[in-house]
Amino acid sequence: RGLAQRCSSIPVKNLITYGAPSNGIFGIPDCEVNTGSYELCELARQLLAAAAYNPELQDLVAPAQYWRDPLNHTQFIEGSKFLSDLNNMKVEKNPEYKRVITSLENYIMIKWLDDTTIIPR
């Protein structure tokens with residue numbers, strides 16, 4: 001989807017995404033099960049949330065570009081360099097992104113039912 005929207009000179013008629021975190025990620029999969037500690041997982045989540053929107057981290061770590069903190073929507077919109085832009089959630093909208101998606105003949109988004117990596121599914 002990012003290629004289709006950001007490189008709109010490349011013609012795309014049909015788009016199929018597989019297990020893409022189009023709405024972002026939040027949390028650490030199976031953290032509490034694997035560590036046995038809610039407190040440790042909560043601390044790790046808070047550290048991730050605090051660092052994910054750091055501009056340098058956004059440039060270096062791809063998962064940071066998909067981090068979407070539901071507890072701080074404003075920080076997500078302002079700090080996310082990729083996902084909030086691609087989802088056209090910023091204050092200044094990109095009409096080309098909408099044009100590309102609405103001009104597709106088919107757009108299929110496939111979600112993995114047993115995904116244990118992407119939270120939320």
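Which residues make the nonpolar surface patch of about 480 Å²? The legends below take up this patch and four further close-up views of what is a predicted model.

**View 1. A nonpolar patch on the surface involves strands S1 and S2.** In this predicted model, the patch is made by Ile16, Tyr18, Ile108, Ile110 and Trp112, and its area is about 480 Å². The elements that contribute two or more residues to the patch are S1 and S2. Tyrosine 18 has its place in strand S1 and, with a relative accessibility of 52%, counts as exposed. Tryptophan 112, by contrast, is found in the segment after strand S2, which spans 106-110, and its relative accessibility of 43% makes this residue partly exposed. Although tryptophan 112 and glycine 19 are 93 residues apart in sequence, their C-alpha atoms are 5.5 Å apart in space.

**View 2. Phenylalanine 26 and tryptophan 67 form a tilted aromatic pair.** The structure holds four aromatic pairs, and in this one, formed by phenylalanine 26 and tryptophan 67, the ring centres are 5.2 Å apart with 50 degrees between the planes. Phenylalanine 26 lies in the loop between strand S1 (14-18) and helix H2 (31-35), while tryptophan 67 lies in the loop between helix H4 (55-60) and helix H5 (73-79), so the pair ties together parts that are 41 residues apart in sequence. Phenylalanine 26 is buried, at a relative accessible area of 16%, and tryptophan 67 is likewise buried, at 4%.

**View 3. Tyrosine 66 and phenylalanine 82 form an edge-to-face aromatic pair.** For tyrosine 66 and phenylalanine 82, the distance is 5.4 Å centre to centre and the angle between the planes is 65 degrees. The pair links distant parts of the chain, with tyrosine 66 in the loop between H4 and H5 and phenylalanine 82 in the loop between H5 and helix H6 (83-86), the two residues being 16 residues apart. Tyrosine 66 counts as partly exposed, with a relative accessibility of 25%, whereas phenylalanine 82 is buried, with a relative accessible area of 15%.

**View 4. Cysteine 31 and cysteine 41 are joined by a disulfide.** The count of disulfides comes to one, and in this bond between cysteine 31 and cysteine 41 the S to S distance is 2.0 Å. The torsion about the S-S bond of cysteine 31 and cysteine 41 is about -95 degrees, and the disulfide is therefore left-handed. Because cysteine 31 lies in helix H2 and cysteine 41 in helix H3 (residues 38-51), the pair ties together parts that are 10 residues apart in sequence. Both ends of the bond are buried, cysteine 31 at 12% relative accessibility and cysteine 41 at 11%. Cysteine 7, for its part, counts as partly exposed, at 33% relative accessibility.

**View 5. Leucine 86 lies in helix H6 and is buried.** The relative accessibility of leucine 86 is 4%, which is under the 20% cut-off and therefore counts as buried. When its neighbours within four places in sequence are left aside, leucine 86 is in contact with Arg1, Gly2, Gln5, Arg6 and Tyr97. One of these contacts, tyrosine 97, is 11 residues from leucine 86 in sequence, and the C-alpha atoms of the two residues are 7.4 Å apart in space.

Technical notes. Residues numbered from 1 in each chain as written. Predicted model: local features only at pLDDT ≥ 70, side-chain atom pairs only at ≥ 80, totals over all residues. Heavy atoms only, no water. Phe/Tyr/Trp six-rings, centres within 6.5 Å; stacked < 30°, edge-to-face > 60°. Helix = DSSP H or I, 4+ residues; strand = E, 2+ residues; numbered from the N terminus. Buried < 20%, exposed > 50% of the residue type's maximum accessible area, 1.4 Å probe, protein only. Disulfide = S-S within 2.5 Å. Contact = heavy atoms within 4.5 Å. Patch = residues over 30% accessible without salt bridge, like charges linked within 9 Å, V, L, I, M, F, W, Y side chains within 5 Å. Areas by Shrake-Rupley, 256 points an atom, 1.4 Å probe, with all protein chains shown as cover. Salt bridge = Lys/Arg side-chain N within 4 Å of Asp/Glu carboxyl O.
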